[in-house]
Amino acid sequence: MRFNRRILTLALACAPLAALPTGAWAQQKPLVMGFSQVGAESEWRTANSESIKSAAKEAGIELKFSDAQQKQENQIKAIRSFIAQKVDVIAFSPVVESGWEPVLREAKAAKIPVILTDRAVNVKDTSLYVTFIGSDFVEEGRKAGRWLVEKMKNEKGEVNIVELQGTVGSAPAIDRKKGFEEIIKADPKFKIIRSQTGDFTRAKGKEVMEAFLKAEGKKINVLYAHNDDMAIGAIQAIEEAGLKPAKDITIISIDAVKGAFEAMIAGKLNVSVECSPLLGPQLMAAAKDVKAGKPIQKRIVTEEGIFPMEIAAREFPKRKY
Ligand code: GYE
């Protein structure tokens, strides 16, 4: 009898809690996000990871962060592990565009929403992700192209361009090439004489530029690099070949990270098109909205500008990455 009464007292004490609506319970638990990052290949990526980590902290979101070292298989493994751990939201920056359907279908079957950030995927069924937050890479390529067309408008002869592409099959490499070509093809004097991947890294950028210089030498008028790190590596190769970067060879790159500003201020890089890595706050806001069942835009585009060397010193103190 005494035993029963105890149980009864306990049950009564717990009753007010049990009566709370489930939504209120859910709000007390921190939202858990599994994030699969591409790697640590560039200054841009370092700033991006930093932005995501600090924004998660700020938003009170528990972040499970996984670095894929530029390998799709590692990203697929990480996403599967997030599904097994039953996280609330999965976010990732896909290293390449294709090959994501199976794992995204697994996430969907587990009812875990997926947010894409930075890079896009190429899937037929767009219900496999809730939104894509990031830059318009085709437009970045166009900005690079427009800058070059303007700079070379009085040039009568051929303009020989070498191109350092980003990671093969990645959205920024595909789109930055496309946007740039779309603009320069209007004038046949522009010719891309060599184009190869430098995998978005300084080391590869330098190595490939060395090969370009060996093959083409003084014929090269312009270098178009899909990111600043590859341009910075290439600048070293150009100097080692006894040429003057930004003078003998006009250099255009993308990202506008601090390293690019330093190169512009030193007179070694002509222009960098901005690509903002500070996607963390938007990502966390989107995750909260998705979890709260609020409607969310399918595409959230980052706004960005372009910085020629002439204004680099003035802009540098304002830069956040
Ligand atoms: O431009 C490059 C990085 O996906 C936009 O990846 C990103 C690119 C960025 O490695 O520096």
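In this predicted model, the ligand lies between two domains, because domain 1 (30–135 + 277–303) and domain 2 (137–275) both give residues to the shell around it. The ligand sits in the largest cavity. Two elements, α3 (43–59) and α7 (171–184), each give two or more residues to the shell around the ligand.

The shell is mixed in class. Six of its residues are charged, five are nonpolar and two are polar. In total, 13 residues surround the ligand. Those that come nearest are E41, D118, R119, R176 and D255.

Side-chain contacts to ligand oxygen were examined next. For D118, a polar side-chain atom lies 2.8 Å from an oxygen atom of the ligand. R119 places an N or O atom of its side chain 2.8 Å from a ligand oxygen atom. For R176, the distance from a polar side-chain atom to an oxygen atom of the ligand is 2.8 Å. Each of these pairs falls within the 3.5 Å cut-off for a polar contact. Taken alone, the ligand exposes 300 Å². The protein buries 100% of that area.

The site thus combines a position between domain 1 and domain 2 with a place in the largest cavity. Polar side-chain atoms of D118 and R176 lie 2.8 Å from ligand oxygen atoms, and an N or O atom in the R119 side chain is 2.8 Å from one.

Definitions and conventions:
Residues numbered from 1 in each chain as written. Predicted model: local features only at pLDDT ≥ 70, side-chain atom pairs only at ≥ 80, totals over all residues. Heavy atoms only, no water. Near = heavy atom within 4 Å. Polar contact = N/O pair within 3.5 Å; in protein donor to acceptor, adjacent residues only side chain to side chain. Areas by Shrake-Rupley, 256 points an atom, 1.4 Å probe, with all protein chains shown as cover. 1 Å grid on protein atoms, 1.4 Å probe; cavity = no way out; pocket = protein on both sides within 12 Å on 5 of 7 lines; lining within 4 Å. Sits in = over half its atoms within 2 Å of the grid points. Helix = DSSP H or I, 4+ residues; strand = E, 2+ residues; numbered from the N terminus. Nonpolar A, V, L, I, M, F, W, Y, C, P; charged D, E, K, R; others polar. Domains from an automatic or database assignment.
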